[in-house]
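I sat down with this one to look up a few charged pairs, two helix contacts and some single residues. Here are my notes, in the order I took them.

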Amino acid sequence: MRTSIMFTLISAMVLSSCGTVRPPIAGCGVQVAMPDVGQSLSDPLESPPDAPIAEGMANFSMADAFRDAVETAPQAAGSGPVTVEILALSAGGQFGAFGAGFMRGWAENPVTPRPVFRLVTGVSAGAMIAPIVFAGTNFDEALDGYRGLSEADVFRRKPLTSLISAPSFADVTPLEAFVTSRMSDELINSIGRNYEEGRGLFILATDLDTTEAAVFNLGDIAASSRPLEQKRDCIREAMLASAAIPGLFPPRNIDGSLFADGGLRDQIFLESIEEARQETIRKTGRNIRVSATIVINGSLRPPETEVRDGLLSYAKRAASILADEVLRDSISEVVTFAQSQPNWTVRGMIADTDLSQCPVEDLEGTFDPCVTQSIFDDGRQKARLPRIPWLGPDELLELAGRL
């Protein structure tokens, strides 16, 4: 989302009078849910009438994960509290490499290794990492591709002559191949098994037609009876939708609806989980606690350098400032919400990597190997420490409010 405003504005100016070709439909037959606090995620939004609904692909109840947590808890026969571990991976563009490195290093920590999370959520860059983390530590090598990720690994800029009917400024064929190469048969099957065991994997996108945020249940897709290749295609499309920077990347046409960057609506989503917790409490009578871990794929520190003259440089800097502000707001809202709930605890980690070794122009780029290698290595190193330097809620709020 860091460059979304720049490309959106330029796209509007250049393409407003042109006939843009709508992206081809990916027929997945999925239903998506709205992540509002007041709406149960067991009530999905309806798909278009002509969308094929596959068996086992319409259940979006996060409450199922809470219910299974109660049923499998060691004290299930009693009345003691049950703690549900939740991981939220934020948006952040190239800073998603920090989250990838942190998850890699946390699994390698000999003192406090990465736990098995009951629920994993991701937005944009976080949505690209979440399926690998959810599948399990056996698949962590797939995270290494984010180290040194470059623009050429993600997209190719289109010539101006091709933009008359194009849905975006960039060709994301490299990113499509990058994602597909990490969606192995074994990883998809592992996601499906974990879902059937009562765990949840949810990523956020934005429906451009309705303008609403929408949640995709990737575990449900992986556990469905569809052929493996169709599962891979649909999981990939949902991931690419969540990370589709408007204007730069094309939106994804899933079952006739256009989806783009989840960070347009929220860069972290957790609040909807409370509805599922309350529903499970009502049905089971058990005390359920939430332990939330937030990995923030952003520095909250745009480079403080004199902006170079030129339209693109001005737009890049403005987009960077706006993305930083949206991320700060997301952190503040989520942490304030968690603090207001008596049965929630929250901790976080932020990509505050020292990037002084990277040239300033790299810091303002979209995907630069110096940046992505540095933040991946920093995240991995921090997660390996005997005492991981977690930030508490007050520290997170202080950082989000500091300018």
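The entries below go from salt bridges to helix packing and then to individual residues.

**Entry 1: salt bridges**

I began by noting that this is a predicted model. My first lookup was simple: how many salt bridges does the structure hold? The count came to 19. As a reminder to myself, side chains of opposite charge can pair when their charged atoms come close.

I then picked out E108 and R380, whose side chains meet in a salt bridge at 2.5 Å, N to O. This pair links distant parts of the chain, with the two positions 272 residues apart in numbering. I found E108 in the loop between α3 (96-107) and β3 (119-123), while R380 sits in helix α13 (residues 369-384). Is E108 buried, exposed or partly exposed? I noted E108 as partly exposed, because its relative accessibility is 29%.

I also checked what else joins in around this pair. E108 and R380 belong to a network of salt bridges that also links R104, D144 and R384.

**Entry 2: two more pairs**

Next I looked at R114 and D140, which form a salt bridge of 3.0 Å, N to O. They too link distant parts of the chain, being 26 residues apart. R114 is in the loop between α3 and β3, and D140 is in the loop between α4 (125-135) and α5 (151-154). Are these two side chains placed in buried or exposed residues? I wrote down R114 as buried, because its relative accessible area is 9%. D140 is buried as well, at 2% relative accessibility.

The third pair I looked up was R252 with E237, where the closest N and O atoms are 3.0 Å apart. R252 lies in strand β8 (residues 252-254) and E237 in helix α9 (residues 228-242), so I noted a strand and a helix linked across 15 residues. R252 is buried, with 9% relative accessible area, and E237 is buried at 8%.

**Entry 3: α3 against α4**

I turned to helix packing. At what angle do α3 and α4 pack? I got about 20°, with the axes 8 Å apart. Angles under 35 degrees count as roughly parallel, so α3 and α4 are roughly parallel to each other. Their crossing is right-handed.

I listed the residues that make the contact: G96, G99, A100 and M103 come from α3, and A125, I129 and V133 come from α4. Sorted by class, the contact residues are five nonpolar, two polar and no charged.

**Entry 4: M103**

M103 had turned up in that contact, and I went back to it. M103 lies in helix α3 and is buried, with a relative accessible area of 0%. What does M103 touch, leaving out residues up to four places away in sequence? My list reads L87, L89, R114, V133, D140, L143 and V295. I was pleased to see R114 and D140 there, since I had just noted them as a salt-bridge pair. I also looked up M103 and I129, which are 26 residues apart in sequence and 8.9 Å apart in space, C-alpha to C-alpha.

**Entry 5: α7 against α9**

The axes of helix α7 (residues 185-196) and α9 come within 11 Å and cross at roughly 80°. That makes α7 roughly perpendicular to α9. Which residues make the contact? I found D185, I188 and N189 on α7, with L228, K231, R232 and I235 on α9. By class, I noted three nonpolar, one polar and three charged residues.

**Entry 6: positive phi, and a serine**

Most residues other than glycine have a negative phi. I therefore made a note of T211, whose phi is near 70°, a positive value. T211 is in the loop between β6 (200-207) and β7 (213-217), and is partly exposed at 41% relative accessible area.

D255 also has a positive phi, about 55°, although it is not a glycine. I placed D255 in the loop between β8 and β9 (257-261); D255 is buried, with a relative accessible area of 6%.

Last, I looked up S124, in the loop between β3 and α4. S124 is buried, with 4% relative accessible area. Leaving out residues up to four places away in sequence, S124 touches A91, L204, S242, A243 and D261.

Technical notes
Residues numbered from 1 in each chain as written. Heavy atoms only, no water. Salt bridge = Lys/Arg side-chain N within 4 Å of Asp/Glu carboxyl O. Helix = DSSP H or I, 4+ residues; strand = E, 2+ residues; numbered from the N terminus. Buried < 20%, exposed > 50% of the residue type's maximum accessible area, 1.4 Å probe, protein only. Axes fitted to C-alpha atoms, helices over the stretch in contact; angles between N-to-C directions. Parallel < 35°, antiparallel > 145°, perpendicular 65-115°, else oblique. Left-handed = near helix turned anticlockwise from the far one by under 90°. Contact = heavy atoms within 4.5 Å. Nonpolar A, V, L, I, M, F, W, Y, C, P; charged D, E, K, R; others polar.
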